[in-house]
Amino acid sequence: MSSRVDFGSLAKIYSTLEWLVFGRGLERARFCLLEHLRDDQDILLLGEGDGRCLAQLIKIAPTARFHVVDASPAMLARAASRLGESDRARVTFTCADASTWQLPTASFDAIVTLFFLDCFSVNEVKMLVAKIQLALRPGAHWLWADFILPPAGLARWRAQIWLRVMYLFFHLQTGLRTRTLPPSEQILRAGGWVPLAEHDFPGTFTRAALFRQPS
């Protein structure tokens, strides 16, 4: 998340707000494919937020090392508070703007972006994808989850209304400038990322997918 945005004021209530609007829907999208990362050893989480995914991955991948990058110190503190001392020793927390942070080259077996790329414009997503590619080792995984627009009908109309409301809310509360959903999954596919597993959640117009690095 860019430094122009500050999610810190929402750190303590973010999960409650999410539950009030979507129930456990977004958590199901976050967690449904995590098992596929069990054997990865160096995992990068961008825009992890309050640490719910990290807490699950710590259990699923017991030998992995984690690098968590978020622009909000409050969110990073919230994420760290979910872990015991021994688990925190396996995690590096970095407070940084993902769009300008210098990623180490060929250092990670997996990248996790869950409800993160929706905070960027189309061009910003394209630049992030190209940048992240250089930080991954051959055969790396990309675990992605985000909102989607259904193709047509009442579901699409409902999703469009909700997305407008959410973007307006986060613009007012955090300074988020993006106001439309970027086609991040299509950008990944166009870049040659190969889908290995997919799961749709129509009730919350969300989708999760696991990709393998293009050859």
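I took helices as DSSP runs of H or I with at least four residues, and strands as runs of E with at least two. On that basis I counted 8 helices and 7 strands in the chain. The model I worked from is a predicted one.

Overall form. I looked up the radius of gyration and found 16 Å, close to the 17 Å that the globule rule gives for 215 residues, so the chain is as compact as a globular protein of that length. I then checked the C-alpha trace, which spans about 45 × 40 × 30 Å along its principal axes.

Burial and contacts. I noted that 52% of the 215 residues count as buried. For contacts with a separation of 6 or more, I found that 72% are between residues 24 or more positions apart.

Surface and charge. The exposed area I read off is about 10,100 Å², with 57% of it supplied by carbon and sulfur atoms. I listed 24 positive and 20 negative side chains, and the centres of the two sets lie 4 Å apart.

Arg 52. I located Arg 52 in helix 3, which covers residues 52–60. Is Arg 52 buried or exposed? Its relative accessible area is 8%, and the cut-off for buried is under 20%, so I entered Arg 52 as buried. I found a polar contact of 3.0 Å between the side chains of Arg 52 and Asp 50. Leaving out residues up to four places away in sequence, I recorded that Arg 52 touches Tyr 14, Ser 15, Glu 18, Glu 27, Arg 30, Phe 31 and Arg 82.

Note on methods. Residues numbered from 1 in each chain as written. Predicted model: local features only at pLDDT ≥ 70, side-chain atom pairs only at ≥ 80, totals over all residues. Heavy atoms only, no water. Rg over C-alpha atoms; globule rule 2.2 N^0.38 Å. Buried < 20%, exposed > 50% of the residue type's maximum accessible area, 1.4 Å probe, protein only. Contact = heavy atoms within 4.5 Å. Areas by Shrake-Rupley, 256 points an atom, 1.4 Å probe, with all protein chains shown as cover. Lys, Arg positive; Asp, Glu negative; His and termini not counted. Charge placed at Lys NZ, Arg CZ, Asp CG, Glu CD. Polar contact = N/O pair within 3.5 Å; in protein donor to acceptor, adjacent residues only side chain to side chain.
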